[in-house]
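Hi everyone, thanks for making time. I'd like to walk you through a structure I've been looking at, so here it is on the screen.

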Amino acid sequence: MSYKYRKSSRRKSSRKSLSSLILTFVLLGCFWVANTLTCCNNPEPEMQQVPGEYGNLMKVVTNPDVPSQLKSYTGMDVSFNADCHIPNWVSWELTEEKTNGTVPRGDEFFVDPEIKGCAYDYDYRGSGYDRGHMAPAGDMKWSQKAMDECFSFANMCPQLHSLNNGSWKSLEEKCRTWAQIDGKIYIVCGPIMDETPLEYIGDSKVWVPRRFFKVIIAPYSTPARGIGFIMPNGTVVGGMQNCAVSIDEVEKLTGHDFFSTLPDDVEEQIESQCNFHQWSTLKK
């Protein structure tokens, strides 16, 4: 009897377990249907663009008439001209935080094997020209990799020492001050190649530019500001203030389109102005 009882109890338990299992599946099914309908009636909202952000301001629309190989490094973007063996332009973002970096200055110039037509160290040796950084090492102290990469010859142009260690260097230092004041600025610089070179140097026949440009914007300041500079490859008479121009003027000379991701009205406002006094009197 006890055996039959135990057996009968097992059957009842099995029936109860089966009933419970079926009920569980039914409830889960109902929950799934309800949840599906809820999701369909309440779709996930689309991602909204962050107000005040202007996209990739390091992007430059390069003059279509010049050879251009683009490469993004850790701290800069480069458009390289294989025919002239120098960059068309180099762009980078500079923030207050980046200016406070502690990475020591490097000194290992190198040929980037990914860059067609990259110059060599021996092209500069004995030429009378400095290996002039476009994106300066002083702006790359925030990252060891960025520091190392800025010594690529893809970032170099032949510059007379009087420019490289004179007004060009002073402008680089000013940019770091402006980044500290505004929090974030964007810079593009390079050679102006709308004229014959001063000369060619080295076995690679590296083009020596007569002039250089630099354009700077502080798009998130109030009001937003922009300014350009055109400097001769040599001594700058009268200092950088005598070289200040609008970004529009630099675009006309180079054929490049800078900061094209800005809204049209903001771009027109920033690129048409040339107020060196406004920039030079900024204070923290």
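I'll go through a strand, then a helix, then the cysteines, and end with a pocket. One thing to keep in mind throughout: this is a predicted model.

Okay, let's start with strand 7, which covers residues 184–192. Is this strand mostly enclosed or mostly open? Well, eight of its nine residues are buried, so strand 7 is largely enclosed by the rest of the structure.

Now, who does it pair with? One partner is strand 4, residues 86–95, and the two run antiparallel with six bridges between them. If you want to find that pairing on the screen, look for Val90, whose bridge partner in strand 7 is Cys189. Another partner is strand 10, residues 211–218. That pairing is antiparallel too, with seven bridges. To spot it, pick Tyr186 and look across to Ile217 in strand 10, its bridge partner.

Next up, helix 7, residues 247–254. Which of its residues are buried? They're Ile247, Val250, Glu251 and Thr254. These four span an arc of only 100 degrees around the axis, so they sit on the same side of helix 7. And what's packed against those buried residues? Quite a list: strand 7, which we've just met, strand 10, strand 11, strand 12, strand 13 and helix 8. Right after helix 7 comes Gly255, and its phi is positive, near 80 degrees.

Quick word on cysteines. How many disulfides does the structure hold? Zero. As for how covered the cysteines are, let's take a couple of them. Cys118 has a relative accessibility of 5%, and since buried means under 20%, it counts as buried. Cys274 comes out at 39%, which lies between the 20% and 50% cut-offs, so that one counts as partly exposed.

Last stop, the largest pocket, with a volume of about 370 Å³. It's lined by 20 residues, and the closest to its centre are Arg105, His133, Pro136, Ala137 and Glu172. Which elements give two or more residues to that lining? Strand 5 (130–133), helix 5 (161–164) and helix 6 (167–182). Helix 6 gives the most, with four residues.

So, if you take away a few things: strand 7 is largely enclosed, helix 7 has its buried residues on the same side, and helix 6 is the top contributor to the lining of the largest pocket. That's me done, thanks for listening!

Terms used:
Residues numbered from 1 in each chain as written. Predicted model: local features only at pLDDT ≥ 70, side-chain atom pairs only at ≥ 80, totals over all residues. Heavy atoms only, no water. Buried < 20%, exposed > 50% of the residue type's maximum accessible area, 1.4 Å probe, protein only. Pairing = 2+ DSSP bridges. Arc of directions from axis to C-beta. Contact = heavy atoms within 4.5 Å. Disulfide = S-S within 2.5 Å. 1 Å grid on protein atoms, 1.4 Å probe; cavity = no way out; pocket = protein on both sides within 12 Å on 5 of 7 lines; lining within 4 Å. Points joined across faces, edges and corners; volume = space filled by probe spheres on them.
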